[in-house]
Amino acid sequence: LAAVQAFGLGLGTLTTLDESPPSFTTLAMQDPTAAEGVLIVTFALNEPGTAYCRATRRDSGETEADMPINRILTASWSAQHDGTSGPAIISMNNLENVNPVLTNRDDDVAPLEAATQYDV
């Protein structure tokens, strides 16, 4: 027993990482007719974290299965929330938030079109 106690004292206090992801305490999308050509997502988390999103045209035929995490991340729409203050805002005006000059892909800046339905 003494050896275990000595080992514990020598080791000190260990802090482990939180293994559960943040959860949304607020998640809302502003009325898309409020600002033409812009989709606005507001969110808050129960702890610090970052939310990512991607818009896709509803008539594109894409489903949830077509949206792996790397496809959402490449859209480059995100915002950080500190876990305590008011909601964070992601304001999207294109399908992807990229500069075609800075990428090796055949990127096309496709603005969000009026009178078109999108899934986020």
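Select V41 in strand β2 together with I90 in strand β6: the two residues are bridge partners. Strands here are DSSP runs of E of at least two residues, helices are DSSP runs of H or I of at least four residues, and both are numbered from the N terminus. The model is predicted, so local features need pLDDT of at least 70 and side-chain atom pairs count only at pLDDT 80 or more, while totals for chains, interfaces and linings use all residues. Residues are numbered from 1 along each chain as its sequence is written, and side-chain values use heavy atoms, with hydrogens and water left out.

**Strand β2 and its two partners**

Extend the selection to the whole of β2, residues 39-45, and to β6, residues 88-92. The two strands pair in the antiparallel sense over 5 bridges; pairing requires that DSSP find at least two bridges between the strands. Next, add strand β1, residues 24-29, which also pairs with β2 in the antiparallel sense over 5 bridges. Within this pairing, A28 has T42 of β2 as its bridge partner.

Is β2 enclosed or open? Of its 7 residues, 6 are buried, so the strand is largely enclosed by the rest of the structure. Buried means under 20% relative accessible area, exposed means over 50%, and partly exposed lies in between, with a 1.4 Å probe and protein chains only.

**The largest pocket**

Now select F24, L27, V41, Y52 and C53. Of the 13 residues that line the largest pocket, these are the closest to its centre. The pocket holds about 230 Å³ of space. A pocket is defined on a 1 Å grid over the protein atoms alone, as an open set of points where a 1.4 Å probe fits, with protein on both sides within 12 Å along at least five of seven lines; lining residues have an atom within 4 Å of a point. Grid points are joined across faces, edges and corners, and the volume is the space filled by probe spheres set on the points.

The elements that give two or more residues to the lining are β1, β2, β3 (49-53) and β7 (118-119). β1 gives the most, with 4 residues. By type, the lining divides into 12 nonpolar residues, no polar ones and 1 charged. Nonpolar here covers Ala, Val, Leu, Ile, Met, Phe, Trp, Tyr, Cys and Pro; charged covers Asp, Glu, Lys and Arg; the others, Gly among them, count as polar.

**Strands β3 and β5**

Colour β3 by residue. Its side chains alternate: G49, A51 and C53 point to one face and are buried, whereas T50 and Y52 point to the other and are not. Add β5, residues 77-81; 5 bridges join β3 to β5, and the two run antiparallel. A51 stands opposite A79 in β5.

Stay on A79, which counts as buried at 12% relative accessibility. Leaving aside neighbours within four places in sequence, A79 is in contact (heavy atoms within 4.5 Å) with F43, G49, T50, A51, A88, I89 and I90. A79 and F24 are 55 residues apart in sequence and 13 Å apart in space, C-alpha to C-alpha.

Move to H81, also in β5. H81 is buried, with a relative accessible area of 5%. Which backbone atoms does the side chain of H81 meet? A polar atom of this side chain lies 2.9 Å from the backbone nitrogen of G83, and the side chain reaches the backbone oxygen of S85 at 3.2 Å. Not counting residues up to four places away in sequence, H81 touches residues including F43, L45, P48 and P87.

**Helices and loops**

Select α1, residues 2-11. The helix is hardly covered, for the count of buried residues among its 10 residues is 0. G12 follows α1 and has a positive phi, near 85 degrees.

In helix α2, select R71, which counts as partly exposed at 29% relative accessibility. R71 touches R54, E62 and D66, not counting residues up to four places away in sequence.

Finally, visit two loop residues. S76, in the loop between α2 (69-74) and β5, has a positive phi of about 60 degrees although it is not a glycine; S76 is partly exposed, at 35%. A115, in the loop between β6 and β7, likewise has a positive phi of about 60 degrees without being a glycine. A115 is exposed, with a relative accessible area of 89%.

Key:
A polar contact is a pair of N or O atoms within 3.5 Å; within protein, one must be able to donate a hydrogen and the other to accept it, and residues adjacent in sequence count only if both atoms are side-chain atoms.
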